[in-house]
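Hi,

Here is the structure I promised to pass on. Have a look at it first, and then read my notes below.

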Amino acid sequence: MKSTIAGILIPGVFVVVAVASLVLWASIGPLDRVEKRIVGLDNVVVDTTPVILVAPVLGEPIRSGVEPADLPGTWPWFRGPNLDAICDDGVPLSRQWPIKGPPELWSIDLGEGYAAAAVRDGCVYVLDYDEEASADTMRCLSLANGTEIWRNSYPVPIVWNHGMSRTVSAVVDQFVISLGPKCHVVCWDAATGEARWLLDLVLDYGATVPKWYAGQCPLIDNGRLIVAPGGDALLMAVDYASDSAEVIWKSENPNSWVMTHSSIVPMEFAGRRMYVYCGRGGVAGVAADDGEILWETTDWKVDMATSPSPVIVPGGRIFCSGGYRSGAVMLQLKEDGRKIGVETAFRLKYRQFGSEQQTPILYDGHLYGIRQQGEQFVCLDLEGNEVWNSGTEKFGAAPYMIADGLLFVLNDDGLLTLAEATHAGYRPLAQAQVIKDGHDSWGPMAMVAGRLIVRDMKRMVCLDVAKK
């Protein structure tokens with residue numbers, strides 16, 4: 001009799017508990033998925049979206065009728081006109097801020113991610129992700145007030161993984177060229193938003209989408225688009241002005257290196273122009289004229305994720321840094337007859353210097369950047385010796401730039417610090433919370449005519465930092 005009663009009561013108790021649990025879950029609602037990222041402990045989200053075996057169809061532009069702003073200045077691609085994160089347009093900037101910080105000119109909401117601004121002719125371009133439409137969306141905004149001028153998109157399903165968008169587009173001639181999270185390269189008409197062509201680097205060139213999606217920013221050099229598929233070709237050059245995106249050359253990829261988050265940088269050495277790229281298995285220099293691999297080394301690679309771009313240092317040197325305890329290395333190119341050799345000049349342990357996401361800045365014979373270990377801003381000489389650090393001031397993995405002899409350094413939470421750009425010491429001048437309730441403020445900065453554009457995971461803000 002007792003076993004019969006137990007057989008009836010116990011399942012009933014489980015049913016009641018289950019129902020109560022469902023009611024409690026429903027009353028709480030979904031949890032906010034934006035959680036504080038713990039550096040070095042990131043778990044890569046598995047993308048369960050179906051594999052698309054055909055390239056997405058480009059959409060038609062939606063125009064608002066708003067005109068571009070009548071404002072000067074250009075920040076046409078990743079790290080600015082000279083690819084060095086230094087603004088030298090001659091606009092004097094303020095060295096003191098009001099108590100509330102530099103005036104906010106405008107602020108807009110964005111899809112979750114870190115894609116940042118490219119600016120030209122009074123327009124701000126950002127490759128956003130429209131989660132509701134499941135589409136990469138190029139947005140053209142007015143530099144004056146952030147109002148949308150046009151947008152255009154193409155469908156691509158993406159599973160959230162610390163946001164979706166990652167890159168800075170490139171504005172050249174009458175075009176805007178973007179590289180999306182799943183390695184779609186698209187050319188748009190900068191004025192009208194018409195989509196001209198699309199390259200699917202995965203389908204067409206055997207690329208592998210990196211962990212946390214593509215972070216490589218397109219490089220424009222000598223009238224060509226340079227990208228690194230890391231599949232059938234390590235690098236390739238494309239005639240972006242042609243209607244069919246004609247491929248001019250493709251370099252070999254003998255070691256089967258795959259794409260990283262790092263972007264390509266140009267370099268001159270021994271009378272040859274080349275492109276330096278940190279692939280999944282090492283670093284290589286590729287000839288700009290025909291795509292020949294001029295040199296390569298496996299002495300620098302990051303096991304988890306390579307994000308910073310290499311920094312070209314005078315004298316044929318290349319400074320590479322990374323996160324996840326990889327540290328940094330200075331490579332030295334050598335002329336060897338008609339060949340180019342490469343060796344390691346020195347190596348830094350991660351406690352000395354290592355950058356998880358942002359690319360260090362070479363300025364006045366010194367290297368500036370955020371050291372992942374301790375999250376301090378540091379200044380190094382060109383032999384890797386620490387000159388100074390920011391002490392108790394910590395910045396996380398956020399971006400920084402130099403303009404008018406000033407350092408602009410953001411932290412993860414949207415706190416902006418202004419300091420003198422000098423190797424004489426860490427000399428902060430002002431500080432302000434420029435993104436309210438900021439979170440993962442990792443998108444690279446842009447500076448145009450005294451206007452500083454920053455973003456966190458969900459918002460883009462334009463600040464007036466010009467001298468009054």
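Does A270 count as buried, partly exposed or exposed? At 38% relative accessibility, A270 counts as partly exposed. You'll find A270 in the loop between β17 (265-269) and β18 (272-278). Its backbone is worth a look too: phi of A270 is positive, at about 55°, although A270 is not a glycine.

Before you go further, keep in mind that this is a predicted model.

There is another residue with that kind of backbone angle. W212 is not a glycine either, and its phi is positive, near 60°. W212 also sits in a loop, the one between α2 (201-205) and β13 (219-221). With a relative accessible area of 5%, though, W212 is buried.

Now for the overall picture. The protein chain has 2 helices and 35 strands, so keep the strand numbers handy, because you'll need them below. Of its 468 residues, 56% are buried. If you take the contacts between residues at least 6 apart in sequence, 57% of them join residues at least 24 apart.

What about the nonpolar cores? The largest one has 68 residues, and F408, M447 and L452 have the most contacts inside it. Strand β6 (residues 123-130) gives the most to this core, with 6 residues. There is also a second, separate core of 37 residues, and V185, Y205, L219 and L225 are among its members.

Next, two arginines that I'd look at side by side.

R139 lies in strand β7 (residues 135-142). It counts as buried because its relative accessibility is 12%, and the cut-off for buried is under 20%. What does the side chain of R139 pair with at 3.0 Å? That partner is the side chain of D128, and the two are joined by a polar contact. Leaving out residues up to four places away in sequence, R139 touches I108, D109, L110, V124, Y125, V126, D128, E148, W150 and R151.

R451 is in strand β34 (residues 451-455). R451 is buried as well, yet it has no salt bridge. Which side chain of opposite charge is nearest to R451, and how far away is it? It is D464, at 6.4 Å. A salt bridge needs the charged atoms within 4 Å, so that distance is too long. With residues up to four places away again left out, R451 touches L71, L105, L143, A144, A446, C462 and L463.

Last, the cysteines. How many disulfides does the structure hold? The number is 0. A disulfide is a covalent bond between the sulfur atoms of two cysteines. Why is C140 not bonded to C123? The closest cysteine sulfur to that of C140 is indeed the one in C123, but at 3.8 Å it is too far for a bond, because a disulfide needs the two sulfurs within 2.5 Å. C140 is buried, with 1% relative accessibility. C320 is in no disulfide either, and the nearest cysteine sulfur, that of C278, is 4.1 Å away. C320 is buried too, and its relative accessible area is 1%.

To find your way around, I'd start with A270 in its loop between β17 and β18, then go to R139 in strand β7 and finish with R451 in strand β34.

Cheers

Methods:
Residues are numbered from 1 along each chain as its sequence is written. This is a predicted model: local features need pLDDT of at least 70, side-chain atom pairs count only at pLDDT 80 or more; totals for chains, interfaces and linings use all residues. Side-chain values use heavy atoms; hydrogens and water are left out. Helices (H or I, at least four residues) and strands (E, at least two) are DSSP runs, numbered from the N terminus. Buried means under 20% relative accessible area, exposed over 50%, partly exposed in between (1.4 Å probe, protein chains only). Lys and Arg count as positive and Asp and Glu as negative; His and the chain ends are not counted. Contact means heavy atoms within 4.5 Å. A polar contact is a pair of N or O atoms within 3.5 Å; within protein, one must be able to donate a hydrogen and the other to accept it, and residues adjacent in sequence count only if both atoms are side-chain atoms. A nonpolar core is a set of buried Ala, Val, Leu, Ile, Met, Phe, Trp, Tyr and Cys residues joined through side-chain atoms within 4.5 Å.
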